[in-house]
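Here's a walk through one small protein chain, going from its overall dimensions down to single residues. Have the viewer open while you read.

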Amino acid sequence: SGNVTVTLPLAATVLGKRYTFTRTDASGNTATVAAGGFETIGGGADITMAQDDVLVLAAVQSGDWIIL
């Protein structure tokens with residue numbers, strides 16, 4: 001229990017890979033996915049997931065993750 005932050009690897013090291021995150025609880029805790037280093041996720045440093053959220057990310061270029 002408690003807040004959780006997952007930090008992604010650098011996109012350049014996993015080009016072509018996809019990562020899927022699913023939040024299934026209804027607690028008041030936060031579930032955050034953060035970009036590594038100076039990279040971004042859809043233009044931001046991180047994304048906080050809401051209850052029952054599914055987040056799919058792809059590493060398509062060095063320095064940036066896109067949200068699918």
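## Overall build

For a chain of 68 residues, a compact globule would come out with a radius of gyration near 11 Å, and the 12 Å found here agrees with that. Keep in mind that this is a predicted model. The C-alpha trace spans about 35 × 20 × 15 Å along its principal axes. Of the 68 residues, 31% count as buried. Looking at contacts with a separation of 6 or more, 63% of them link residues 24 or more positions apart.

As for secondary structure, the chain has seven strands and zero helices. Read from the N terminus, that gives β-β-β-β-β-β-β.

## The three-strand sheet

One open sheet has three strands in the order S1-S3-S5, and its pairing is mixed. S1 (4–7) and S5 are the edge strands; each has a single partner strand, so one side of each is left without a neighbour in the sheet. On average, neighbouring strands in this sheet are turned by 20 degrees against each other, direction ignored.

How do S3 and S5 pair? They run in the antiparallel sense, over four bridges. Ala31 faces Met49 of S5 across this pairing.

## The four-strand sheet

The other open sheet to look at has four strands, ordered S2-S6-S7-S4, again with mixed pairing. Here the edges are S2 (18–22) and S4 (40–41): each has a single partner strand, so one side of each has no neighbour in the sheet.

S6 and S7 (residues 64–67) run antiparallel and are joined by four bridges. They form a hairpin with two residues between them, and Gly63 in the turn has a positive phi of about 95 degrees. On the other side of the pairing story, S4 and S7 run parallel, joined by two bridges.

If you want to click through individual bridge partners, here are some from both sheets:

| Residue | Bridge partner | Strand of the partner |
|---|---|---|
| Ala31 | Met49 | S5 |
| Ile41 | Trp65 | S7 |
| Ala58 | Ile66 | S7 |
| Gln61 | Asp64 | S7 |

Two residues are worth a closer look in this sheet. Thr40 is found in S4. Is Thr40 buried or partly exposed? Its relative accessibility is 23%, and since buried means under 20%, Thr40 counts as partly exposed. Setting aside neighbours within four places in sequence, Thr40 is in contact with Ala35, Gly63, Asp64 and Trp65. One of these, Gly63, is 23 residues away from Thr40 in sequence, with 6.7 Å from C-alpha to C-alpha.

Val60 has its place in S6. Not counting residues up to four places away in sequence, Val60 touches Leu15 and Ile66. The C-alpha atoms of Val60 and Gly16 are separated by 5.7 Å, although the two residues are 44 apart along the chain.

## The nonpolar core

Now for the inside. The largest nonpolar core has 14 residues, and those with the most contacts inside it are Leu8, Phe21, Val33, Ile41, Leu55, Leu57 and Trp65. S3 (31–34), S5 (46–49) and S6 (54–61) each supply at least two of the core residues. S6 gives the largest share, with three residues.

Which residues does Val33 contact, leaving aside its neighbours within four places in sequence? The list is Val6, Leu8, Phe21, Ile41, Asp46, Ile47, Met49, Leu55 and Leu57. Among them, Leu8, Phe21, Ile41, Leu55 and Leu57 also appear with Val33 in the group that has the most contacts inside the core.

## The salt bridge

Charged side chains make for a short section: the count comes to one salt bridge. It joins the side chains of Arg23 and Asp25, at 2.8 Å from N to O. How do these two residues stand in terms of burial, buried or partly exposed? Arg23 counts as buried, at 8% relative accessibility. Asp25, by contrast, is partly exposed, with a relative accessible area of 32%.

Note on methods:
Residues numbered from 1 in each chain as written. Predicted model: local features only at pLDDT ≥ 70, side-chain atom pairs only at ≥ 80, totals over all residues. Heavy atoms only, no water. Core = buried A, V, L, I, M, F, W, Y, C linked by side-chain atoms within 4.5 Å. Buried < 20%, exposed > 50% of the residue type's maximum accessible area, 1.4 Å probe, protein only. Contact = heavy atoms within 4.5 Å. Salt bridge = Lys/Arg side-chain N within 4 Å of Asp/Glu carboxyl O. Pairing = 2+ DSSP bridges. Axes fitted to C-alpha atoms, helices over the stretch in contact; angles between N-to-C directions. Rg over C-alpha atoms; globule rule 2.2 N^0.38 Å.
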